[in-house]
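Please open the structure in your viewer and keep the selection tool at hand. This tour proceeds stop by stop, stating at each one what to select and what is to be found there.

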Amino acid sequence: MAHVKEITVKELNTEVFIREKAKEISELVGGDAAINALSGGVDSSTVTMLGHKALGDRLKTYFIDNGIMREGESRKVVALFKKLGVHVEIIDTQKKFFNALKGITDPEEKREAVTQTFYKDVFGKLVRDSKAKYLLQGTILTDVDETVAGIKRQHNVFEQLGIDPQKAFGYKIIEPLLQLRKDGVRKVAEALGLPESLYNRIPFPGPALAARVIGEVTRKKIGIVRTATSIVEEGLASTGAFQYMAILHEDRVTGMRDGKRDFGLQIEIRCWDSIDARKATPTKISHDTLCKLADRIVKEVPGVVSVTYNIASKPPSTMEVV
Ligand code: XMP
């Protein structure tokens, strides 16, 4: 594996970083065109701004509507970037992702299905159609560490696993944020003029809500975890925690509704305190806040009869369940 030299948040000079990375991108791409996928997370938003600074209109930015994103995400992301002068095109790929995920229960196979659909199928076609030679993406050092250590196959790591994207998918990948961790990316995002709601946005994983459904991913289960996610994100925003999420369990549990037995679903809430996602501890949330969340979840998410709060740290836990 080629050694990646970390730039810690202490060492980071955002102005110099932005200038150097923009120069690197424009030198690499030369007179060609490039594409990037914007998910609305901190990393891909930062790459979008950096890429447009370097390439202007030669960078085409897409929002891949894969059907496993959070509520209203495509609309919000397109509107926000319009304000920043960046045109984002939405690509509907929902069927492709749900087909690829069909019948898969193993966590690593699920991650691999998402990766292959993104890089081979969706980006492969976009690159061919747009005649671009490069894909710009927001891989950060923590993604590489965890993949190389064999903890999780992060959706966006190739070279460090000995995979040549040119051979595997037909295009080259540029990763301007590779030397940074989340705290550094947030500083660069702020320096690039992204709004606070974005540079301080909680992280969201590449495999999206598929990383939060235990067992097979279906449209129905994604709908359930999406609604629970909205409730948890709204209810825990004021904690200022590093990340918070809802997980849909596979097991059903006995409950009761309207005086009758209801064999229903379980949602697990997770809320993490962390600096850079390498280690994390569950946030000490008041019992009152948790009860309010549970009340809303059982009322507003169809079929849920049980709500739990995770109290195990990372390690040995990981932040996402898949
Ligand atoms: P874990 O679950 O590995 O998560 O403790 C650590 C941090 O990484 C995010 N995460 C991902 N980010 N691609 C990403 O870009 C991925 O495949 C991926 N998986 C997990 C997770 O949300 C947490 O912030």
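The stops below cover helix pairs, the ligand site and some features of the backbone. Please bear in mind throughout that this is a predicted model.

**First stop: helices H1 and H2**

Two packed helices are described by the angle between their axes and the distance between the axes. Select helix H1, residues 14-29, together with helix H2, residues 42-55. The axes of H1 and H2 come within 8 Å and cross at roughly 60°. H1 and H2 are therefore oblique to each other, and the crossing of H1 with H2 is right-handed. To see the contact, display the side chains of Phe17, Ile18, Lys21, Ala22, Ile25, Ser26 and Val29 on H1, and then add Leu50, Gly51, Lys53, Ala54 and Leu55 on H2. Colouring the residues of this contact by class gives 8 nonpolar, 2 polar and 2 charged.

**Second stop: helices H2 and H8**

Keep H2 selected and add helix H8, residues 182-191. Here the two axes come within 10 Å, with a crossing angle of roughly 40°. That angle makes H2 oblique to H8. The crossing of H2 and H8 is left-handed. On the H2 side, the contact is made by Val42, Asp43 and Thr46; on the H8 side, Lys182, Val185, Arg186, Val188 and Ala189 take part. The residues of the contact of H2 with H8 comprise 4 nonpolar, 1 polar and 3 charged.

**Third stop: helices H4 and H5**

Now select helix H4, residues 94-101, and helix H5, residues 107-130. Their axes lie 9 Å apart, and the helices pack at an angle of about 145°. H4 and H5 form a right-handed crossing. From H4, show Lys96, Phe97, Ala100 and Leu101; these meet Lys110, Ala113, Val114, Thr117, Phe118, Asp121, Val122 and Lys125 in H5. By class, the contact of H4 with H5 has 7 nonpolar, 1 polar and 4 charged residues.

**Fourth stop: the ligand**

Select the ligand and display its surroundings. Which of the 17 residues around the ligand come nearest? They are Glu146, Lys152, Gln243, Lys314 and Glu320.

Next, inspect three individual distances:

- Arg111: an N or O atom in the side chain of Arg111 is 2.9 Å from a nitrogen atom of the ligand.
- Gln154: a polar side-chain atom of Gln154 lies 3.4 Å from a nitrogen atom of the ligand.
- Met319: a polar backbone atom of Met319 is 2.8 Å from an oxygen atom of the ligand.

**Fifth stop: the segment after strand E10**

Lys314, seen at the ligand as one of the residues that come nearest, also leads to the next selection. Most residues other than glycine have a negative phi, and most peptide bonds are trans. With that in mind, select Lys314 and Pro315: the peptide bond from Lys314 to Pro315 is cis, with omega near -15°. Pro315 is found in the segment after strand E10 (304-309). Extend the selection to Pro316, which is also in the segment after E10. The peptide bond from Pro315 to Pro316 is cis, with omega near 5°.

**Final stop: Ala208**

Finally, go to the loop between helix H9 (196-199) and helix H10 (219-236), and select Ala208 there. Is the phi of Ala208 positive or negative? The phi of Ala208 is positive, at about 55°, although this residue is not a glycine.

Definitions and conventions: Residues numbered from 1 in each chain as written. Predicted model: local features only at pLDDT ≥ 70, side-chain atom pairs only at ≥ 80, totals over all residues. Heavy atoms only, no water. Axes fitted to C-alpha atoms, helices over the stretch in contact; angles between N-to-C directions. Helix = DSSP H or I, 4+ residues; strand = E, 2+ residues; numbered from the N terminus. Parallel < 35°, antiparallel > 145°, perpendicular 65-115°, else oblique. Left-handed = near helix turned anticlockwise from the far one by under 90°. Contact = heavy atoms within 4.5 Å. Nonpolar A, V, L, I, M, F, W, Y, C, P; charged D, E, K, R; others polar. Near = heavy atom within 4 Å. Polar contact = N/O pair within 3.5 Å; in protein donor to acceptor, adjacent residues only side chain to side chain.
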